[in-house]
Protein chains: 2
Amino acid sequence: MSALPVYRATLQAEWIDYNGHLRDAHYGLVLSYAIDDFMDHVGLDAGYRERTACTIYTLELHMNYLHEVKGSDELEVASSVLDVDRKRIHVGCRFTCRRLSEPVATGEVLLLHVHQGDRPAAVEFPPDIARTLESSKLSSDASAAWGPGSRKIELKRRKS
Amino acid sequence: MSALPVYRATLQAEWIDYNGHLRDAHYGLVLSYAIDDFMDHVGLDAGYRERTACTIYTLELHMNYLHEVKGSDELEVASSVLDVDRKRIHVGCRFTCRRLSEPVATGEVLLLHVHQGDRPAAVEFPPDIARTLESSKLSSDASAAWGPGSRKIELKRRKS
């Protein structure tokens, strides 16, 4: 597995909510920038988009908010390829900050490779990018252990 | 079930990404503002937070991106209480715009009622707010039919 870059974000004052924490949506913004970095790293960059008219659409996102993040924190986001097929990438993002030893959040995204035009359509990755993605993929054991991950959200009640 | 307000968002130019669409993270920002509106509506507003030192933390978010949203669109977000217990609310948000008859996105959030202080702790809703939440809750049939909802994200492969 080849190493993926770690994305670093300095929090902006307007991202902090009335609880004194990073607003939930802005974890998503940091994740979105981290995914842009990831795309650049695997060759799905601005030049690629211009040459091929192909790009990435986000199909799904699941965030787990684990610890409070404050305005003075710097966030680091480590991305992992949890799985990949001919047209889709399943990426896991782990958020950390120096103040805490445990991750402060995790996020999973499902990405689709799309040819944009009058009628956007899902298309296969070209062979070189498919190879890069495949070589970045976690082992199936590491991927299964990655988390906390996405799930069907529901309230389970204690029986009393 | 009492009706919840619909949140309306005019998209800002800086929310549009290099694909010409609303950036994935900014659906989350619109959802976050819609949840603020929802909280105001059920009595968990700024005055409540000031009086009680209690607030809402977001524990989880799952987004489904269903259709492309463009800079000229106006988004409407309809919130539904999918479930509620003594300390938590499970809210579903359906995103629509006038250009399309189908929802353009759905989002689910899991919210926790927290007393903030030196050691933030989950606490029960006061009785009046618990009643309001209970009366806003969808029937279990309507809640089960709500979607597309959250799920464990995974790539399922066709057998060939």
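**Exercise 1. The contact between the chains**

Determine how many residues each chain gives to the contact, and how much area is buried between chain A and chain B.

*Solution.* Step 1. In this predicted model, the contact takes 43 residues from chain A and 43 residues from chain B.

Step 2. The size of an interface is often expressed as the accessible area lost when the parts come together. Here chain A and chain B bury about 4000 Å² between them, and 45% of that area lies on carbon and sulfur atoms.

Step 3. On the side of chain A, the residues that lose the most area to chain B are Glu60(A), Ile153(A) and Leu155(A); together they account for 18% of what that side buries.

**Exercise 2. The relation between the copies**

State which rotation superposes chain A on chain B, and what kind of axis relates the two copies.

*Solution.* Step 1. Chain A is superposed on chain B by a rotation of 180°, with 0.0 Å of shift along the axis and an RMSD of 0.0 Å.

Step 2. The two copies are therefore related as by a two-fold rotation axis.

Step 3. The same surface serves both copies, since 100% of the contact residues of chain A recur in chain B.

**Exercise 3. Helix α1 of chain B**

Compare the span of helix α1(B) with the expected value, and decide whether the helix is largely enclosed or not.

*Solution.* Step 1. Helix α1(B), residues 24-42, has 19 residues and reaches 28 Å from its first C-alpha to its last. This is close to the 27 Å expected at 1.5 Å a residue.

Step 2. Of the 19 residues of α1(B), 15 are buried, so the helix is largely enclosed by the rest of the structure.

Step 3. Ser32(B) lies in this helix. With a relative accessible area of 4%, Ser32(B) falls under the 20% limit and is buried. Leaving aside neighbours within four places in sequence, Ser32(B) is in contact with Arg23(A), Asp24(A) and Ala25(A).

Step 4. Just after α1(B), Gly43(B) adopts a positive phi of about 100°.

**Exercise 4. Strand β5 of chain B**

Identify the strands that pair with β5(B), give the sense of each pairing, and establish how far β5(B) is enclosed.

*Solution.* Step 1. Strand β2(B), residues 54-65, runs antiparallel to β5(B) and is joined to it by 11 bridges. Within this pairing, the bridge partner of His62(B) is Glu108(B).

Step 2. Strand β4(B), residues 88-96, also pairs with β5(B) in the antiparallel sense, over 8 bridges. Here Cys93(B) has Gly107(B) as its bridge partner.

Step 3. Strand β6(B), residues 121-122, pairs with β5(B) in the antiparallel sense over 2 bridges. Val114(B) stands opposite Ala122(B), and a hairpin of 5 residues joins β5(B) to β6(B).

Step 4. In β5(B), residues 105-115, 10 of the 11 residues are buried, so the strand is largely enclosed by the rest of the structure.

**Exercise 5. The two sides of helix α3 of chain A**

Specify which residues of α3(A) are buried, which exposed residues are on the face turned away from them, and which elements the buried residues pack against.

*Solution.* Step 1. In α3(A), residues 127-136, the buried residues are Ile129(A), Leu133(A) and Ser136(A). Because they cover an arc of only 65° around the axis, they lie on the same side of α3(A).

Step 2. An α-helix has 3.6 residues a turn, so residues three or four places apart point the same way.

Step 3. The face of α3(A) turned away from the buried side carries the exposed residues Pro127(A) and Arg131(A).

Step 4. The buried residues of α3(A) pack against α1, α2, β3 and β4 of chain A.

Note on methods. Residues numbered from 1 in each chain as written. Chains lettered and ligands numbered in written order. Predicted model: local features only at pLDDT ≥ 70, side-chain atom pairs only at ≥ 80, totals over all residues. Heavy atoms only, no water. Least-squares fit on C-alpha atoms with pLDDT ≥ 70 in both. Contact = heavy atoms within 4.5 Å. Buried < 20%, exposed > 50% of the residue type's maximum accessible area, 1.4 Å probe, protein only. Helix = DSSP H or I, 4+ residues; strand = E, 2+ residues; numbered from the N terminus. Pairing = 2+ DSSP bridges. Arc of directions from axis to C-beta. Expected span 1.5 Å × (residues − 1). Buried area = accessible area lost by both parts, 1.4 Å probe.
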